[in-house]
Amino acid sequence: MKPHIKKVAVVGSGIMGSGIACHFANIGVQVLLLDIVPRELDENEKAKGLSLDDKVVRNRIVNSSLTKALKSNPSPIYHKKFASRISTGNLEDDISKIAGVDWIIEVVVERLDIKQQVFARIEEHRKPGTLVTSNTSGIPIAFMNEGRTADFQEHFCGTHFFNPPRYLKLFEIIPGPNTKPEVIDFLNEYGDKFLGKTPVIAKDTPAFIGNRIGIFSIQSLFHMVQEMGLTVEEVDKLTGPVIGRPKSATFRTVDVVGLDTLVHVANGIYDNCKEDERHELFELPGFIQTLVENKWLGSKSGQGFYKKVKAKNGKSEILTLDLDSMDYRSKKRASFATLELTKNIENVIDRFPVLISGKDKAGEFYRKSFGALFAYVSNRIPEIADDLYKIDDAMKAGFGWEHGPFQIWDAIGLEKGLELIEAEGQHVASWVTKFKDAGHSSFYTVKDGATYFYDIGKSAMEKVPGQDAFIILNNIRASKEVFKNRGVVVEDLGDGVLNVEFRSKMNTIDGDVLAGLNKGIDLAEKDFQALVVGNQAANFSVGANIGMIFMMAVEQEYDELNMAVKMFQDTMMRMRYSSIPTISAPHGMCLGGGCELSLHADKIVAASETYIGLVEFGVGVIPGGGGSKEMALRASDSFRKNDVELNVLQEYFLTIGMAKVSTSAYEAFDLGILEKGKDVIVVNKDRQLATAKAYAKILAETGYSQPLPRSDVKVLGKQALGMFLVGTDSMEAAHYISEHDKKIADKLAYVMAGGDLSEASYVNEQYLLDLEREAFLSLCTERKTLERIQHMLKTGKPLRN
C-alpha cells in the first residue's frame, strides 16, 4: 500500500485537531479542517445582525479554534504562510468534501457515542480505500468501528498524536481487529518519514503505551510525595534535567498539560484495568481530589501546583502549593547532597548508578521510584506491547525522557534493578527471570553500529527495526573514530564521508573544536571525499565559548584574542573553500558561532526544529567568525535581484542588529541564513545525519569543484554608513536602544557598509573579515561589553546596559 497523501481531513478543531491540522500543513499537505455548526448566535453576531444561516456563523467554531491555535506560543506552524494550506468548513455544509481526501482523522470529544455518530457521517461520504483514523487517547478501537462496513474497518485504526503535535514525536498506531496489515505498515513509514515522528505500534489496551506508563509514573510519584514528606520544589528538582527529563519536570508539566487531562486518563486506567497489579495506584490521592474540587487545574485555570501573582512592588512572583496545608507560599530552594555528586557527570545515563546510591532522601526517592517503574514496565509486556524497545521509544518520544525505563535499568545494572524491585515489595515479570537465567545482563547491546534488543518471544537479541535509515553516533563513535581531541570526535560515516561531532559543553566552539574542524578537513581532503559537521546532542551549538573571550579581554590579552578570532575566521573560510564539499547539519539551538559555521558550509541540511541566528549583540559584540562578512556578502548577491540596494542591506543588517533567531528552519530562509535552492530541511531529526551524508556523497560524486575566493562583494560605503548612523542616532534619542547598543550597531554598520568608502565599490572577503575582526576586538575592550558577557555567563540571559 503506497497511497500518496495529498490532502487530509481533520474532524474536530479543538487544541489537538487544530494542532494536527497545522502539522500536516507544515509538511506541505492540504488540510480540510471541520467542526460542528453553532446552535446559537454569540453576542458579537447578534450585534452585527447575523443569522444562523450565515457562513461566517456556521464556520465560527472551526475558524476561531484555528485562529487561536495559530496565535498560541509556541507556534504549531513552521511558518505563518503555511496556514494557507488549511481550509475550514463545518460538518453539515462541507462533509461531502471528504470524498476528495486521502486520509480522514477524527479528533472529536472522547465519548464513544459521539465518535460513532461521526464515523457514520464519514462513511456516507468517504470513497472506498480512504484511510480513517481516530486520535483517541484510550477508547478501544474495536468499539469505535462497530457497525461500519468491511472496507471502513480494514482501513481504520487509531493514530494517537501527543500534544503539541508539532513538538512531541510520539505517534502511537493502534490496529483495530480488522485493520489491514499494509495500512499499519504505511502509517508506520509515513509517521517516520513524512511527519517526523517516532511511530510505535501499540496494542488496543487502555491508554495504550505512552500514557499507561507515563500516568503510572506520575501517580506513583503522587502517592510517594506525602509518604516521604517531599515538597513540590523537591520533586521537580529530582525529576527534571538531572535524570534527562524536561525542565518542567513533574508538577510544572502537570500544570501545563492540565490536571483535568491527567485525572481523566488516570480514571480511565483505574476503571478499565482491574487486573493491573498496581490498580490501587491509579486511585487519586486526597490532595489531587482537592485540587480538582477547587478547579486548580494548572495554567488553564490560573493556578495549580504553582501560581503566578503580582507582588506589592509590582513584580511577578511564582508561588508554590504546600501539599500539607494546601495553601500557596513562596518558593523554597531544593537541594540534595546526592545531586551534588552528579554535577561533574555530563552524560545523564552515567548518573543513575550514583543517584540510586545516595544516602539522603534523594537516594531513597530514586530507589523507590525506579524499583516501582522497573517492575511495572516488565509486567506490561506482552499486555501493551510485545517488544520492550517500544516502551522506551514511547516514553522518550511522548514524555521527553532522554532514556526509557529499560535503558535506565541497563545503566543501573540488571541485578541492582532486581534488588530495587524486591525492596519495594514488587514482583518482576517471569520473562525477566528467564532472561537472567539464560545468562543475559543487558536489555540492549550494540553490534556493528546497530542496536539490538532482547526479543522476549524469540528469547534472543534482535536488531531494532527501522534504524537502517539512521546514523546513530553513539553506536559508531568508538569503532569509527578517526580523530579525537577534547572538543570533537571525527567519525568515518562510510562511503568516503567524515563527520565532525562537537563534544564540548553545550557544543560551544573553542580552540579544541576549531582545531578538530581543521583536522577533519585535512583528513577529508587527503583520504576522503566529503565532510559533514553534525551531532546528536540537544543543540547543534550555542555559539563560541564566551568564557574564553571574557578571560582574554579581562586580562587584556588582545594579541591572543586577535589570534583566536583570526583562527575562527580562517576555519570558517576553510569550510567554504576546501577542496571537498562540506555539509552543516544544524538542529535545536544553532546560535552565534554555530550559525556562522553553517553559513560557510556548501550546504545546510537542517532539522525542521532548528532555532538559528546571529545573537552576538546580546553579549555586546558583533559576529566575529565571518557572520558579519557573510551577511554583507549575501546582501551584495541580493542587489542583483532588487533595485533598492540600501533596503536590501538594511534587512541583513537588522538580522544581526536585532539578534533575530528563527523559530523553525523554514523561518531561517526569511532571515537569509538558509538559501532556497541550496539548503534543505529534514522533518525527522533521526534521519538528519543520514540525509546530510547522502547530500555530501552526491556533491562529491557529481564532480565537486573547489570554489574560488570572492572578490566581487559590492559594498555601498558612505551612502549606507550614513543611513545606518542616522538610524542608530534616532533609535538612541527615542530611548529604544542604549548608548552601548548604538556603539555596537555603529560598528556593525561600518563593517557591512565596507567602511567609509566614498562610493560603492567591489571588495574581497578578506577585506570585510579584517573590518569585522577589528570591530569585534574594539568592542571587547568596552567595559559594558564585559559586563554583558559576565552577566550572560552567570545567568544565561542577555543584559541591556
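Begin with the interior space of this predicted model: the structure holds one cavity of 30 Å³ or more. The volume of that largest cavity is about 30 Å³. To display the surrounding wall, select E277, R278, A372, A375, Y376, N379, Q426 and H427, the residues that line the largest cavity. Colouring this lining by residue class gives three nonpolar, three polar and two charged residues. Rolling a probe the size of a water molecule over the atoms shows where empty space is left.

Keep α16 (361-379) in view and move on to the loop between α16 and α17 (388-399), where P382 is placed. The peptide bond from I381 to P382 is cis, and its omega is near 10°.

A second cis bond can be visited in the loop between α4 (60-71) and β3, where P74 lies. Here the bond from N73 to P74 is cis with omega near 5°.

From that loop, proceed to β3 and the sheet to which it belongs. Select the eight strands in the order β3-β2-β1-β4-β5-β6-β7-β8; they form an open sheet with mixed pairing. Its edge strands, β3 (86-90) and β8 (198-201), each pair on one side only. From one strand to the next, the twist averages 25°. Strands of a sheet pair through backbone hydrogen bonds, either parallel or antiparallel.

Which sense of pairing joins β2 (residues 30-35) and β3? These two strands run in the parallel sense and pair over five bridges. Label L33 and T88 to mark one point of this pairing, since T88 in β3 is the bridge partner of L33.

Next, add helix α1 (residues 15-26) to the view. This helix lies across β1 (7-11), β2, β3, β4 (103-106) and β6 (156-161). Relative to β2, α1 runs at about 170°.

Now select residues 444-447 and 460-463, which are β12 and β14, the edge strands of another sheet, each pairing on one side only. This open sheet has three strands in the order β12-β13-β14, with antiparallel pairing. Its twist averages 40° from one strand to the next.

Follow this sheet strand by strand. β12 and β13 pair in the antiparallel sense over four bridges, and Y444 stands opposite F453 in β13. Two residues separate the strands in the hairpin of β12 and β13, where D448 takes a positive phi near 55°.

Continue along β13 (residues 450-455), which also pairs with β14 in the antiparallel sense over four bridges. On this side, label Y454 and M461: the latter, in β14, is the bridge partner of the former. In the loop between β13 and β14, stop at S459. Although S459 is not a glycine, its phi is positive, at about 50°.

The final stop is a pair of helices, α24 (residues 558-577) and α32 (residues 765-780). At what angle do their axes cross? The axes come within 10 Å and cross at roughly 145°. The crossing of α24 past α32 is right-handed.

To show the contact from the α24 side, select L561, N562, V565, K566, Q569, M573, R576 and Y577. In α32 these residues meet E765, L769, E772, R773, F776, L777 and C780. By class, the residues of this contact divide into eight nonpolar, two polar and five charged.

Definitions and conventions
Residues are numbered from 1 along each chain as its sequence is written. This is a predicted model: local features need pLDDT of at least 70, side-chain atom pairs count only at pLDDT 80 or more; totals for chains, interfaces and linings use all residues. Side-chain values use heavy atoms; hydrogens and water are left out. Two strands pair if DSSP finds at least two bridges between them. Axes are lines fitted to C-alpha atoms, for helices over the stretch in contact, and angles run from 0 to 180 degrees between N-to-C directions. On a 1 Å grid over the protein atoms alone, a cavity is a set of points where a 1.4 Å probe fits but cannot get out, and a pocket is an open set with protein on both sides within 12 Å along at least five of seven lines; lining residues have an atom within 4 Å of a point. Grid points are joined across faces, edges and corners, and a volume is the space filled by probe spheres set on the points. Ala, Val, Leu, Ile, Met, Phe, Trp, Tyr, Cys and Pro count as nonpolar, Asp, Glu, Lys and Arg as charged, and the others, Gly among them, as polar. A crossing is left-handed if the near helix is turned anticlockwise from the far one by less than a right angle, and right-handed if clockwise. Contact means heavy atoms within 4.5 Å.
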